[in-house]
Amino acid sequence: MDTTVTAKKKWWAGGYSPFNVSYGKLMMWYFLLSDAFTFGALLISYGTVRFSSLSWPDPNHVFHSFPFMGDANLPLVFVSLMTFILIMSSVTMVLAVHAGHHRDRKAVIKWLIWTIIGGAAFLGCQAWEWTHLYHSGAWWSLNPFANADGTAATNSNFTDFFFTITGFHGLHVTSGVILNIVILLNVLNGTYEKRGHYEMVEKVGLYWHFVDLVWVFVFTCFYLL
Amino acid sequence: MANVDTTQEHASSSTKTIWKTFWILLGITVVEIGLAFLHLGTGFPGKLLLNAIFIGLTVVKAFFIVAEFMHLGHEIKNLILSVLVPLVFFVWFIIAFLADGDSWKNMRKDLSPGKARTYEMAKPAEHGGGHGAGNGAHH
């Protein structure tokens, strides 16, 4: 790949990628773009329904629990932990990509393992939260939460959107963890060493950061607003 | 294509930048949570201002993740534009759909049982009255 970037270079003259990235990486970007629209559609439809509702549950009331803390009122604390875990795993992923640039196989392995642990920890947190909400009577089509203005819920829009969107995000985290495990096995087998570059780590890294990016929006839309 | 120059040191992907980005993201998240607790305790800042701050900070976080972690800020302009320009659709989606939702809410308010209608009523003689407070049987 031609990495020398000059202002006068004719990017569209042919002979090299006009985007200065490999085909695989470009397609990963376009896949993520389409996935952004999928998540965007979900979040905007959530916003539309919320805007059309006279009242809506208060997130600080709904999400106030923490494992092993019983009935203690701790709004935001658990989801903050989940957010921290995901940001942290994004950092370990970017460190794995960085190590890949230097063809430091040992470091790639180390950081990929930490990323997988972070992803699994996030999924564990989400499993706990879903279980907890399920036991308080919340599920698709079941909404036990009173509205912020004190009126009883008349529909299950809140829980339907919550479980659908966090579930779809969780599915992305799950596939991200699986992809990370696959490339970790490839690194262990020396596949990328033979290939001469670790670009596959970069591509999966792009996907992993995207999952973190979506969580930033899910966190704001469901827990803060 | 596969012949990537590995000896070239990208100043942008140095571990220093990575950790700096991490601290920025963590700092913004801490500020968000801090503001949420401040609001819970004191009611300040007001809900509308608070939400505007949250959305603003979310966009800032998204910028750092995409520009630094996903390295898009260090790619060439062709790639940056190819990825970012289609996202302009979101501006319209958000405005149009949220406005539509708001309009639905206003219709719900106007037509909810027991609410006085804001527009001209049908002749009351037709049903012999009954549009009074708390009567939703006609709907």
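1. Let's start with A:Lys106. This lysine is exposed, because just 9 other C-beta atoms fall within 10 Å, and a residue counts as exposed at 12 or fewer. A:Lys106 sits in helix H4 of chain A, which covers residues 105-135. Measure across to A:Ala96 and you get 9.7 Å from C-alpha to C-alpha, for a separation of 10 residues in sequence. Keep in mind throughout that this is a predicted model.

2. A word on chain A as a whole. Chain A has 7 helices and 0 strands, so to speak an α-α-α-α-α-α-α run from the N terminus on. The C-alpha trace spans about 65 × 40 × 25 Å along its principal axes. Of its 225 residues, 39% count as buried. Taking the contacts in chain A with a separation of 6 or more, 68% come from residues 24 or more positions apart.3. Helix H3 of chain A (residues 77-101) deserves a look of its own. How does its span agree with what 25 residues should give? At 1.5 Å a residue the helix should span 36 Å, and its end C-alpha atoms are 37 Å apart, which agrees. Of those 25 residues, 21 are buried, so H3(A) is largely enclosed by the rest of the structure.

4. Next, the loop after that helix. H3(A) is followed by A:Arg103, which lies in the loop between H3 and H4 of chain A. Phi of A:Arg103 is positive, near 55°, and the residue is not a glycine. A:Arg103 is partly exposed, because 15 other C-beta atoms lie within 10 Å.

5. A:Asn20 is another non-glycine residue with a positive phi, about 60°. Look for A:Asn20 in the segment before H1 of chain A. Is A:Asn20 buried or exposed? It counts as buried, because it has 20 C-beta neighbours inside 10 Å.

6. On to where the two chains touch. On the chain A side 44 residues are in contact, and on the chain B side 48. Helix H1 (23-51), H3 and helix H7 (199-224) of chain A each supply at least two residues of the side that touches chain B. Sorted by class, that side of chain A has 24 nonpolar, 17 polar and 3 charged residues.

7. One helix pair across the interface is worth tracing on screen: H3(A) and helix H1 of chain B (residues 15-42). Their axes come within 10 Å and cross at roughly 170°. Angles over 145 degrees count as roughly antiparallel, and the two helices are therefore roughly antiparallel to each other.

8. Which residues of H3(A) and H1(B) meet? From H3(A) there are A:Ser80, A:Thr83, A:Ile87, A:Val91, A:Val94, A:Leu95 and A:His98. Facing them from H1(B) are B:Thr15, B:Ile18, B:Phe22, B:Leu25, B:Leu26, B:Thr29 and B:Ile33. By class, this contact has 9 nonpolar and 5 polar residues, with no charged ones. If you wonder about the spacing of such lists, an α-helix has 3.6 residues a turn, so residues three or four places apart point the same way.

9. Now follow chain B past H1. In the loop between H1 and helix H2 (47-69) of chain B you will find B:Pro45. The peptide bond joining B:Phe44 and B:Pro45 is cis, with omega about -5°.

10. H2(B) comes after that loop. With 23 residues, H2(B) reaches 32 Å from its first C-alpha to its last, close to the 33 Å expected at 1.5 Å a residue. Its buried residues are B:Phe54, B:Lys61, B:Ile65, B:Val66, B:Glu68 and B:Phe69. What covers these buried residues? The cover includes H3 and H7 of chain A together with H1 of chain B. H2(B) is followed by B:His71, which has a positive phi near 70°.

11. Last, the domains of chain B. The domain assignment gives domain 1 as residues 14-74 and domain 2 as residues 76-118. The C-alpha centres of these domains lie 24 Å apart.

Methods. Residues are numbered from 1 along each chain as its sequence is written. Chains are lettered from A and ligands numbered from 1 in the order in which they are written. This is a predicted model: local features need pLDDT of at least 70, side-chain atom pairs count only at pLDDT 80 or more; totals for chains, interfaces and linings use all residues. Helices (H or I, at least four residues) and strands (E, at least two) are DSSP runs, numbered from the N terminus. The expected span of a helix is 1.5 Å times one less than its number of residues. Two residues are in contact if their C-beta atoms, placed from the backbone, lie within 7 Å. Ala, Val, Leu, Ile, Met, Phe, Trp, Tyr, Cys and Pro count as nonpolar, Asp, Glu, Lys and Arg as charged, and the others, Gly among them, as polar. Domain bounds come from an automatic or database domain assignment. Axes are lines fitted to C-alpha atoms, for helices over the stretch in contact, and angles run from 0 to 180 degrees between N-to-C directions. Angles under 35 degrees count as roughly parallel, over 145 as roughly antiparallel, 65 to 115 as roughly perpendicular and the rest as oblique.
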